[in-house]
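Dear colleague,

Please find below the structure that I am handing over to you, together with its sequence. My notes on the sheets, helix contacts and pockets follow it.

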Amino acid sequence: MDNYIVSARKYRPMTFDSVVGQGALTVTLKNAIQSGRLAHAYLFCGPRGVGKTTCARIFAKTINCLNPQPNGEACGECESCKAFNEQRSYNIHELDAASNNSVEDIRQLIEQVRIPPQIGKYKVFIIDEVHMLSQAAFNAFLKTLEEPPHHAIFILATTEKHKILPTIMSRCQIYDFKRMGVNDIVGHLKNVAEKEGITVEDAALNIIAQKADGGMRDALSIFDQVASFCGGNITYQRTIENLNVLDYDYYFRLTDFFLEGKITECMLTLNEILSKGFEGQYFITGLSSHFRNLLVSQDAQTVGLIEASEEVRNRYKEQAKKCKPQFLFRAMKLANDCDLNYKQSQNKRLLVELTLIEMAQLSSDEGPSSGLCPTKILKPIFTQLKQAANSRQQTADNGKRTADNERQATDDRQQTTDNRQPASNKTASLSHRGLGGFSLRRAAAAATTNSGQQVTDNNQQTATSTAKDMPFDGNSLTVAWRKFASDLPQEDIAMSHQMDNMEPMLQEDGKTFLVIVDNPSVQHELVKMQARIEAYLHEKLQNNSVKMTTRLREVTDKHRAYSRKEVLSMMLEQSEALRKLKEEFELELT
């Protein structure tokens with residue numbers, strides 16, 4: 001028990017090849033050592049636990065090795081390497097700038113720089129958390145950093161590159177360390193577990209790697225914690241229980257409920273999640289990531305973007321086959337909106353529940369609606385006009401055929417009457433009908449024409465009365481004006497507020513109205529929108545003569561500043577009680 005060493009220290013890399021996730025940087029450093037092109041100052045930047053200090057120590061050990069290997073690694077057998085491994089080497093000096101950040105600390109460091117190494121070629125000075133140095137310490141360090149002795153090499157390490165002075169950065173070779181990928185961390189943890197004799201599940205290692213957020217030191221610390229909790233057998237369920245991580249299974253179940261439109265099951269699942277102590281925003285961000293993984297699982301080229309075990313990837317592939325891309329796009333949009341509004345919401349649980357209800361309705365919509373109701377399909381207006389014209393034409397044709405039939409029936413009846421009359425009467429009748437070229441057929445045609453003309457005139461008269469401008473009053477104008485302001489889009493919200501505070505004044509002609517504005521810029525914007533406003537009012541008020549005019553507000557009242565004595569005198573003149581109070585208590589203004 002006394003000799004126990006945490007995994008982050010016990011399995012710290014001792015060679016460049018054993019460094020995980022920084023292949024490009026380690027190859028660059030090895031090539032520089034082999035070719036003898038060593039800089040006098042290096043700056044290692046990157047997040048915590050990615051190998052900055054480890055690479056600095058390996059670099060210092062390798063450049064002082066007395067028997068370097070052909071692959072650019074230190075031999076580990078010479079006196080310099082043994083002194084380094086036993087932590088008794090005088091060629092390596094480490095300074096923690098977080099606690100030694102004064103000018104005096106830098107001056108002591110500069111004194112040590114002058115002493116040449118006893119064994120090896122170089123003395124390496126590693127300054128960790130260099131951004132913590134004071135301004136005076138940086139200035140004292142500048143000259144030595146720019147022109148150090150030939151045997152001195154400086155390696156500065158920092159997690160906050162932006163805090164380093166540009167004059168310091170310009171004197172260094174800069175190496176940016178990246179966060180480690182989930183696969184790199186999982187592979188290293190497998191090796192550690194094998195050496196420690198611990199059985200692990202791949203899904204559990206993936207959870208640990210994701211929790212570490214790209215830092216190997218954090219991953220090893222979490223690994224030790226979970227190993228202690230599980231007693232040498234690390235399983236997925238015990239891992240999420242110990243780390244308080246939400247199970248994948250909840251997201252898979254919820255997605256199935258969404259696709260089936262089961263709102264009740266969604267609400268019960270959310271209640272189960274919240275009862276376990278998980279925050280609603282943590283749940284909704286995990287749901288967003290789940291939808292994203294389902295989307296990339298639909299294409300074989302992007303399935304590698306999922307950072308999960310092979311078993312979980314297969315589950316994503318199976319569920320992705322049930323989901324349409326439109327459903328996933330809209331579900332991710334809803335989850336993202338919920339995440340953005342979560343902190344401002346007063347009822348956070350209701351916000352999450354509403355989001356789940358909308359997601360459960362997405363699969364029932366056929367069109368690209370918002371999930372709240374089906375999409376409305378609008379028919380083309382020109383098709384409607386064409387159908388109306390065809391209907392009117394068909395009605396006219398039917399009327400014409402009816403008139404022709406009536407005329408034919410009249411002629412037939414008249415012919416029958418003529419046949420029944422005596423010859424003398426028939427001749428008289430014929431001579432009478434032939435007088436002046438008059439005939440029953442022409443008379444019927446004329447009557448039909450007159451009737452059609454009368455109907456046409458009546459229709460024109462009705463259309464004329466319909467197109468007549470309707471009168472309106474000031475209240476109707478104000479209501480229409482407010483309605484236009486409230487219907488403006490989001491990008492014109494400022495103008496909407498300005499218009500809402502204006503009062504349109506109807507003029508004596510009953511058609512023109514005046515709007516008084518406070519400044520020229522608002523008047524300019526209002527003039528630009530004049531055509532839109534008038535068209536809107538024409539429709540709302542059913543009057544095509546409505547016209548808008550604008551005018552700047554005139555400042556007629558001039559106020560001047562009054563002194564305190566003047567104010568008191570005016571108050572005494574207006575208030576008899578105040579004057580008596582002043583006289584009774586002999587009050588004076590100081």
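Helices here are DSSP runs of H or I with at least four residues, and they are numbered, as the strands are, from the N terminus. A residue lines a pocket when it has an atom within 4 Å of a point of that pocket. Please note that this is a predicted model.

The second largest pocket

On these terms, α3 provides the largest share of the lining of the second largest pocket, namely three residues. The space in this pocket amounts to about 500 Å³. It is lined by 16 residues, of which R12, R57, F84, N85 and Q87 are the closest to its centre. At least two lining residues come from each of α1 (7-10), α3 (52-63), α4 (79-85) and β2 (92-96). Sorted by class, the lining holds six charged, six nonpolar and four polar residues.

The five-stranded sheet

Strand β2, which contributes to that lining, also belongs to an open sheet of five strands in the order β2-β3-β4-β1-β5, with parallel pairing. β2 and β5 (173-176) are at the edges with a single partner strand each, so one side of each has no neighbour in the sheet. On average, and with direction ignored, neighbouring strands of this sheet are turned by 20 degrees against each other.

At the β2 edge, five bridges connect β2 with strand β3 (residues 123-128), and the two run parallel. Within this pair, L95 has I127 in β3 as its bridge partner.

Two helices that lie across strands of this sheet deserve mention. Helix α2 (residues 23-35) lies across β1 (41-45) and β5, and runs at about 150 degrees to β5. Helix α5 (residues 103-113) lies across β2, β3 and β4 (152-158), with an angle of about 165 degrees to β3.

The largest pocket

How much space lies in the largest pocket? The value is about 580 Å³. Its lining comprises 19 residues, and those closest to the centre are Q210, Y248, G286, S289 and N293. The helices α9 (202-212), α12 (248-260) and α14 (280-296) each supply at least two residues of this lining. The most comes from α14, which gives seven residues. By class, the lining of the largest pocket consists of ten nonpolar, six polar and three charged residues.

Helix contacts of α14

Two packed helices are described by the angle between their axes and the distance between the axes. For α12 and α14, the angle is about 75 degrees and the axes are 10 Å apart. Angles of 65 to 115 degrees count as roughly perpendicular, and α12 is therefore roughly perpendicular to α14. On the α12 side, the contact is made by Y251, F252, L254, T255 and F258, and on the α14 side by Y282, F283, G286, L287, H290, F291 and L294. These residues divide into nine nonpolar and three polar, with no charged residue. G286 thus appears both in this contact and among the residues closest to the centre of the largest pocket.

Helix α14 also meets helix α15 (residues 310-320): their axes come within 8 Å and cross at roughly 75 degrees. Here too, the angle makes α14 roughly perpendicular to α15. The contact involves H290, N293 and L294 of α14 together with Y316, Q319 and A320 of α15. By class, it has three nonpolar and three polar residues and no charged ones. H290 and L294 of α14 take part in the contact with α15 as well as in the contact with α12.

The three-stranded sheet

Three further strands form an open sheet in the order β8-β9-β10, with mixed pairing. Its edge strands are β8 (505-506) and β10 (547-552), each of which pairs on one side only. Strand β9 (residues 512-517) is joined to β10 by six bridges, and these two strands run parallel. Within this pair, I516 is found opposite R551 in β10.

Helix α21 (residues 474-486) lies across β8, β9 and β10, at about 55 degrees to β9. Helix α23 (residues 520-528) also packs on the sheet, where it touches β9 and β10, and its direction makes about 170 degrees with that of β10.

With kind regards

Note on methods. Residues numbered from 1 in each chain as written. Predicted model: local features only at pLDDT ≥ 70, side-chain atom pairs only at ≥ 80, totals over all residues. Heavy atoms only, no water. 1 Å grid on protein atoms, 1.4 Å probe; cavity = no way out; pocket = protein on both sides within 12 Å on 5 of 7 lines; lining within 4 Å. Points joined across faces, edges and corners; volume = space filled by probe spheres on them. Nonpolar A, V, L, I, M, F, W, Y, C, P; charged D, E, K, R; others polar. Axes fitted to C-alpha atoms, helices over the stretch in contact; angles between N-to-C directions. Parallel < 35°, antiparallel > 145°, perpendicular 65-115°, else oblique. Contact = heavy atoms within 4.5 Å. Pairing = 2+ DSSP bridges.
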